[in-house]
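Good morning, colleagues. I should like to take a few minutes to go through a helix pair and two individual residues.

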Amino acid sequence: MTVTLADVAARARVSPATVSRVLNGNYPVAAATRERVLRAVEELDYVLNGTASSLAAATSDLVGVLVHDIADPFFGIMASAAQHAIGEGGSGRAGGEKLAVVCNTGGSPERELTYLTLLQRQRAAAVILMGGGLEDPVHLDATAAKLARMAEAGTRVVLCGRPPVPGDAHTAALVFDNRTGGRLLAEHLLGLGHRRIGYAAGPADRTTTRHRLDGHRQALAAAGVPEGPTTHGPYDRVSGHAAVAELFARDPDLTAIVAANDTVALGVCAALRERGLTIPGDVSVAGFDDLPFSVDAVPALTTVHLPLHGSGTRAGRLAMGTEEPPADGTVPVPGTLVVRDSTAPPRA
């Protein structure tokens with residue numbers, strides 16, 4: 001049932017005129033009253049634009065692309081490719097073009113839901129959510145409900161690098177095979193003879209982190225090798241640098257470190273050099289994602305290549321409807337092991 005301005009007014013115990021003033025911002029309203037109105041808007045999931053409420057299929061020329069951190073090449077590559085594909089969806093001036101807006105959530109679940117709400121109010125034609133999801137049941141349920149309402153109003157929902165959400169709100173989900181990638185890296189190191197392997201993982205509450213760790217652990221278990229120490233932190237260089245001290249404090253005899261991604265691996269490499277250790281002579285290092293700088297690192301990083309540009313392009317086309325999604329809505333995206341100079345047999 002469509003939520004009206006009167007419904008919001010009743011929930012907030014104010015007049016419809018007061019609700020209108022708060023939402024339009026064109027008249028001073030007491031702070032406590034404003035807070036009550038905004039809380040009612042959120043609780044009822046009221047869509048500000050009246051046309052969007054009455055015309056379920058009416059959408060705008062806006063496409064939202066949600067990323068955790070646009071400064072991270074992982075997201076920058078995919079967002080740029082998606083934006084280019086979205087731009088190709090039109091046929092010239094006033095010919096069906098869409099405006100792609102990149103929304104930087106900073107990894108905040110609250111910010112992610114806020115952006116989705118704003119895009120819902122703008123009747124976005126499509127939204128693309130990039131990067132791993134938060135493994136929190138409350139946030140997952142809230143996101144699924146929000147996306148379902150957007151889909152009902154005609155918004156195309158595409159997930160890129162994120163597992164499908166409950167329900168059938170998403171048009172398509174491009175799912176990176178992080179488990180297999182994690183397993184391939186561990187098997188590579190085990191094949192070189194490494195048995196003391198540390199892991200500088202990403203945030204513990206993210207699907208990407210858990211899936212990559214799952215694959216790593218599967219390989220160790222299959223080889224009968226005990227799991228080494230694991231740390232958790234953000235997907236950034238500082239996290240990798242800090243992880244080295246903790247990993248070696250827990251196992252001074254490590255011969256290899258797997259990093260959550262290539263950026264974390266750079267921090268690991270810097271910290272190892274500061275300790276007077278050589279790579280890979282003393283310690284082998286592996287990353288994940290195969291970001292552009294990986295081949296130029298010294299030594300070049302062994303990593304798992306993910307087709308980030310191609311995935312972003314495909315996400316943009318799926319969002320525009322210029323590519324048909326598979327019947328089940330899931331697009332598996334495999335990773336490929338890339339062996340470079342940062343890994344070698346363990347020291348004698």
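**A helix pair and two buried residues**

Let me begin with Thr207, which is found in helix α9, the helix covering residues 207-223. Please bear in mind that this is a predicted model. Is Thr207 buried or exposed? Its relative accessible area is 10%. Because the cut-off for buried is under 20%, Thr207 counts as buried. If we set aside neighbours within four places in sequence, the contacts of Thr207 are Gly132, Gly133, Glu135 and Pro163.

I turn now to Gly233, in the loop that runs between β7 (230-232) and α10. Gly233 is likewise buried, with a relative accessibility of 11%. Again leaving out neighbours within four places in sequence, Gly233 touches Ala201, Gly202, Pro203 and Ser239. From Gly233 to Val264 the C-alpha to C-alpha distance is 9.2 Å, with their positions 31 residues apart in sequence.

Val264 brings us to the helix pair, since it belongs to the contact of α10 with α11. How do we describe two packed helices? We use the angle between their axes and the distance between the axes. Here, the axes of α10 (residues 237-250) and α11 (residues 262-274) come within 6 Å and cross at roughly 50°. The two helices are therefore oblique to one another. The crossing of α10 over α11 is right-handed.

Which residues of α10 meet α11? They are Arg237, Gly240, His241, Val244 and Phe248. Their partners in α11 include Thr263, Val264, Leu266, Gly267 and Glu274. In this contact, eight residues are nonpolar, four are polar and two are charged.

Key:
Residues numbered from 1 in each chain as written. Predicted model: local features only at pLDDT ≥ 70, side-chain atom pairs only at ≥ 80, totals over all residues. Heavy atoms only, no water. Axes fitted to C-alpha atoms, helices over the stretch in contact; angles between N-to-C directions. Helix = DSSP H or I, 4+ residues; strand = E, 2+ residues; numbered from the N terminus. Parallel < 35°, antiparallel > 145°, perpendicular 65-115°, else oblique. Left-handed = near helix turned anticlockwise from the far one by under 90°. Contact = heavy atoms within 4.5 Å. Nonpolar A, V, L, I, M, F, W, Y, C, P; charged D, E, K, R; others polar. Buried < 20%, exposed > 50% of the residue type's maximum accessible area, 1.4 Å probe, protein only.
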